[in-house]
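User: I am new to reading protein structures and would like to learn how to go from a picture to careful statements. Could you guide me through one, feature by feature?

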Amino acid sequence: MMRFAKRRQANLTTWAIVVLIAGVLFAAVSAGLTRASFWTGWLLMAAVVLLSLYSQRKRLSMLPIGRAAVWLQLHAYTGAFAIVVFVAHTGLSLPDAPLEWLLWLSFVGTAGSGLAGLYWSRTLPPRLANADEELIFERIPLFAARLRQRAEQLVVDAAAQTDSPLLGEHYRTHLAELFMAPQWRWRHLGPTHYVTRQHDRLIALERYLADDEKPFARELAGLCRQKSDLDMHFTVQGLLKAWLFVHVPLTAAMLLLAVLHLVAAHAFGGA
Amino acid sequence: MSERLQGFDYQSSPYHRPNQKWVCGRLGSGDCCTIGPDPKGHCGAGPQCKPVRDGDRWRCTRGPLHGGPCNNGPQADGICACLTPPCRPKRSWKYRRKLAVRSTLTATLGLIVLALAGTWAGSMVEPGHLAAAHSTIDDCESCHATTGRSASAWLAAAFGQHPNLPVDTQHACLTCHDVGEAPLAPHSLATLPTAGPAQGSTLGPWTVELNRMVFPDPETPIACGTCHQEHEGASADLRAVPDSQCQVCHDQRFGSFVSGHPEFSDYPYDRRTRIIFDHASHLGKHFADEPEQAPQSCSGCHVTATDGRTMEVRGFDDSCGACHAGDIAGNALAGPKGVAGLAVPGLDLTLVENIGQWPEFADGDLTPMTELLLMGDPEYASVRDTLADVDLLDLDSATPEQRGAATTLAWQFKALVDAIQSKGSQAVVQRLEAALGHPLTTDEQRRLTGLLPASLVDTAQAQWFPSLTDELNNHRAGNAPATEAVRPMADEPEADDDNDAAVADDEFDALFSEDSDEGFGDLFADDTGDESGDLFGGDLFGGGDVGDPFADPQEDASPEPEVATINHEERMALGGWYLDEFTLRYRPAGHADPVVRTWTELATRQPAAEDWLAPDNPGACTQCHSLESDASGVTSVQWLAKRIPATEHHFTEFDHSTHFSLLGDAGCGTCHQIDNEAPYADSFDGRDPSQFTSNFAALEKTVCLDCHQPDQAGTDCASCHRYHVGDFKATMPNTQLSRSQATR
């Protein structure tokens with residue numbers, strides 16, 4: 001733990017020094033007759049290209065070009081640095097031309113999704129680690145189907161052994177939808193551990209059940225809890241994958257627009 | 001404890017190919033096949049195993065992950081009996097993300113092509129609206145040297161195939177904006193002046209110092225866009241320049257106006273005044289002597305310029321005229337009040353031979369105007385050189401050659417008078433053009449001749465050389481007449497036409513006799529009884545205040561009869577030509593008389609006319625209007641006090657009008673304090689305006705610092721300093737007159 005804290009402190013310190021140096025140089029360049037926007041623009045372009053290399057690094061795992069974890073750290077801190085350079089480049093002013101708006105939005109979208117992804121990738125994994133079991137995201141539909149089969153089998157067994165339709169009706173009325181498929185629930189992203197309300201309903205229902213029905217109800221409540229955890233995995237892992245659906249395409253669009261911006265700036269900027 | 005969902009042993013954790021494009025469509029239902037879709041997304045469902053022959057039987061080979069060997073086993077012909085039902089493969093998450101990237105790229109590229117393909121391409125990449133002053137510019141090519149809208153043109157312009165792009169782009173600015181002959185040079189000046197040393201710290205802001213370390217040599221030429229940033233919106237101030245941009249080039253840097261800015265060593269008195277006016281003596285003495293006519297405040301003589309920036313001196317009539325108008329008219333002069341124009345040079349008639357008639361009492365030198373007119377004769381130059389050190393009135397020690405030159409001079413002068421008499425002002429113009437070597441404009445002709453009256457020349461000729469025409473004819477025929485001293489007649493009495501005192505010499509009686517062989521009798525005939533027809537009537541003989549030139553004190557001791565003589569000089573008090581004995585004089589018609597002014601200007605360019613510039617000459621121009629010589633030695637008369645046109649820009653500019661309300665009881669004296677001890681008048685001993693002593697004490701920086709602090713009136717460089725220095729006039733549009741415009 002100490003090692004991680006020290007590493008983060010070292011990284012943050014390095015990042016702060018780089019930002020400070022860049023800020024000093026920016027102030028110096030701005031003070032002169034040289035157009036600082038060209039310098040910040042090229043610096044921003046270089047940072048964006050470096051950031052985009054991270055995805056290429058993952059594809060070139062066979063090459064000895066550093067560990068992926070190091071690249072991820074580099075990606076995160078370079079991204080934060082790029083945001084600072086972007087602020088210096090634009091002066092916090094909004095663009096006017098449509099294509100400039102597209103570039104501005106693509107950068108802001110990329111940076112925003114990157115920051116969100118960074119936050120989620122730092123806060124959500126512990127939640128997954130604290131769950132009862134680890135689940136592979138792609139198999140979640142399969143596990144959901146298994147849970148549904150178990151629940152349905154349990155209700156059938158309960159009806160056959162107790163001659164009571166109560167659990168069956170409860171399942172049909174309140175639980176069938178829960179077990180139908182993996183469900184995205186934003187509540188799983190909240191600060192507290194969320195357990196589906198169907199679980200609580202079953203616990204509350206227990207007082208009205210006959211003694212021979214209660215074991216089935218408890219087992220069914222366990223399945224509800226397990227389904228709730230499954231949905232938590234589905235939501236959390238889904239989010240950890242979904243933000244890349246914003247981040248990566250916007251990065252590609254931003255690169256394209258940035259090249260156009262660079263050409264136009266030099267062609268018309270007279271530099 | 002619920003049964004765990006995820007198993008990680010190889011039997012309970014089949015591989016579902018999440019890294020491939022397609023995954024089994026039944027993955028969610030739990031009965032996906034092991035084969036999986038192919039790379040193109042086609043379902044690979046079919047037999048679950050490939051049975052192998054084991055003796056005479058076929059054996060099922062289904063793997064344990066899928067339930068192991070089936071109960072029924074293969075069919076008799078060896079075909080698997082367990083067929084996996086087909087599915088509709090799904091895209092993997094990875095493939096979906098890749099598709100999202102491709103779709104976004106395609107959409108972005110499409111938008112770019114769409115945006116740049118039309119005539120609206122410029123507005124699609126325009127980084128911001130133009131300033132209001134440029135709002136009528138509606139195409140990029142008007143300002144940007146980049147030509148064409150193709151991608152190749154943009155790339156060529158952006159990366160190196162157009163090395164002069166920055167400069168070329170600026171030329172578009174210069175199409176409308178005149179900033180001098182070196183517009184892209186620092187301060188628009190081909191040669192930069194040196195700045196004064198900084199006081200105190202010579203370090204500028206750290207950003208500037210660091211900039212100089214990174215960029216030790218500021219790039220030149222300095223493109224317009226370096227300071228004037230366009231596309232910043234309609235309300236942007238294109239002229240806003242931060243202090244750091246000024247400091248980055250200056251070797252003598254300083255922190256700010258408050259700290260380190262040089263003291264005002266001579267500001268605002270960087271040269272002597274153009275008009276010679278001693279504030280100290282006027283305020284200390286003259287105004288006290290003439291309190292009625294003295295101005296009551298500074299505004300009596302000074303007025304704000306129309307643009308409010310500078311203070312100007314009021315016109316002569318509003319400021320100096322009350323006391324000095326008479327000086328120009330020559331009222332206080334003891335001698336002649338008119339400027340000497342054409343004058344008969346005095347000659348030693350005892351030694352100059354064969355010049356015919358010559359006024360006996362002519363004793364003047366060649367006047368500047370006479371000499372200039374003689375210079376129109378190509379042969380005069382040699383005469384002038386020969387007579388350079390000769391006193392024409394005393395030729396005793398002159399060589400025969402010099403005496404001969406004096407004879408030539410006399411005939412040249414007579415020819416000049418004859419030419420002026422016969423051709424009038426045209427002869428003067430022709431002589432002046434020949435002497436100056438260039439044609440004169442109509443205005444110059446008018447101002448240089450002063451519209452010399454022909455009748456006055458006739459009168460002068462008759463008085464100076466009564467037989468001029470005959471003499472010249474004889475001279476040109478080779479029969480030079482002997483020298484004959486002539487005494488002109490006295491002024492004709494105004495009250496008594498028959499008064500003999502007007503003609504004092506018998507010889508003149510003979511000359512003007514009707515029976516005279518000289519043929520002048522008809523000149524004096526008065527057949528009509530009209531005085532105007534009589535050449536000697538009216539004002540023919542001026543110079544009333546010089547006494548009677550024909551009186552002979554030895555011959556006639558009796559008192560002269562009292563006659564009322566005509567004072568031509570007084571008659572010309574409002575200006576004009578008059579005859580003063582042997583000189584045609586011009587009396588200035590008040591201040592700024594065009595004739596005197598033009599001849600004074602001419603005198604600055606002609607050494608022969610240098611005497612005209614004397615301060616005590618009639619007109620007294622150079623008493624107040626200083627003479628200045630530039631670096632090439634060309635002298636000019638400073639007719640006007642300092643005036644800065646609105647188009648003229650200097651390094652330092654002070655807007656007087658915006659400071660008026662800030663002045664206390666000291667008023668103008670807050671900044672302009674008269675130095676009574678300064679030898680101001682000595683400044684005009686020479687003609688170099690930079691060598692001077694001001695009438696005022698130098699302005700101190702502390703006066704400005706009272707208000708110009710960072711938190712008060714500000715200390716921006718641009719508050720007082722201009723970057724572009726020079727006289728910049730708005731460029732007129734080159735409007736071609738067309739028929740449609742003419743008839744609209």
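Analyst: Let us begin with the word contact, which here means heavy atoms within 4.5 Å. Please keep in mind that this is a predicted model. In chain A, 80% of the contacts with a separation of 6 or more are between residues 24 or more positions apart, and in chain B the corresponding share is 67%.

User: What helices and strands does each chain have?

Analyst: Chain A has nine helices and zero strands, so that reading its elements from the N terminus gives α-α-α-α-α-α-α-α-α, with helices being DSSP runs of at least four residues. Chain B, by contrast, has both kinds of element, with 22 helices and 15 strands.

User: How many residues are in each chain, and what share of them is buried?

Analyst: A residue is called buried when its relative accessible area is under 20%. By that rule, 44% of the 271 residues of chain A are buried, while in chain B, which has 744 residues, the buried share is 39%.

User: How should I read the place where the two chains meet, and what area is buried there?

Analyst: The size of an interface is often given as the accessible area lost when the parts come together. Between chain B and chain A that area is about 5,100 Å², and carbon and sulfur atoms give 70% of it. Three residues, B:Leu5, B:Trp93 and B:Arg97, supply 16% of the area that chain B buries against chain A, which is more than any other three residues supply. Counted by residues, the contact takes 55 from chain A and 61 from chain B.

User: Which charged and polar pairs join the chains across this interface?

Analyst: The rule finds one salt bridge across the interface of chain B and chain A, and a salt bridge links the side chains of B:Arg4 and A:Glu133, with 4.0 Å from N to O. As for polar contacts, nine residue pairs are counted between the chains, with both residues at pLDDT 80 or more. Several helices of chain B, H1 (93–117), H2 (121–125), H3 (151–158), H4 (165–176), H5 (206–214) and H6 (243–247), each supply at least two residues of the side that touches chain A. The element that gives the most to this side of chain B is H1(B), with 13 residues. By residue type, the side of chain B that touches chain A divides into 35 nonpolar, 21 polar and five charged residues.

User: Where does B:Asp593 lie, and which side chain of opposite charge is nearest to it?

Analyst: With a charged residue, one can ask where it sits and what surrounds it. B:Asp593 is in the loop of chain B between strand S11 (583–587) and helix H18 (594–605). This residue is buried yet has no salt bridge, and the nearest side chain of opposite charge, that of B:Arg597, is 9.6 Å away. A polar atom of the B:Asp593 side chain does lie 2.8 Å from the backbone nitrogen of B:Ala589. Once neighbours within four places in sequence are left aside, B:Asp593 is in contact with B:Tyr586 and B:Pro588.

User: Is B:Ser319 buried or exposed, and what does its side chain approach?

Analyst: B:Ser319 counts as buried because its relative accessibility, 14%, is under the 20% cut-off. It is found in the loop between strand S6 (311–313) and helix H8 (321–329) of chain B. A polar atom of the B:Ser319 side chain lies 3.5 Å from the backbone oxygen of B:Arg314, and B:Arg314 is also among its contacts beyond four places in sequence, together with B:Gly300 and B:Cys301.

User: What is worth checking in the backbone itself?

Analyst: Most residues other than glycine have a negative phi, and most peptide bonds are trans. A:Leu92 has a positive phi, near 60°; it is in the loop between helix H3 (68–90) and helix H4 (98–123) of chain A, and it is exposed at 68% relative accessible area. B:Asn354 also has a positive phi, of about 55°, and this residue, partly exposed at 36%, is in the loop between strands S7 (339–343) and S8 (357–359) of chain B. Finally, the peptide bond from B:Tyr267 to B:Pro268 is cis, with omega near 0°, and B:Pro268 lies in the loop between H6 and helix H7 (279–289) of chain B.

Technical notes: Residues are numbered from 1 along each chain as its sequence is written. Chains are lettered from A and ligands numbered from 1 in the order in which they are written. Side-chain values use heavy atoms; hydrogens and water are left out. Buried means under 20% relative accessible area, exposed over 50%, partly exposed in between (1.4 Å probe, protein chains only). Lys and Arg count as positive and Asp and Glu as negative; His and the chain ends are not counted. A polar contact is a pair of N or O atoms within 3.5 Å; within protein, one must be able to donate a hydrogen and the other to accept it, and residues adjacent in sequence count only if both atoms are side-chain atoms. Buried area is the accessible area (1.4 Å probe) that two parts lose on being put together, summed over both. Ala, Val, Leu, Ile, Met, Phe, Trp, Tyr, Cys and Pro count as nonpolar, Asp, Glu, Lys and Arg as charged, and the others, Gly among them, as polar.
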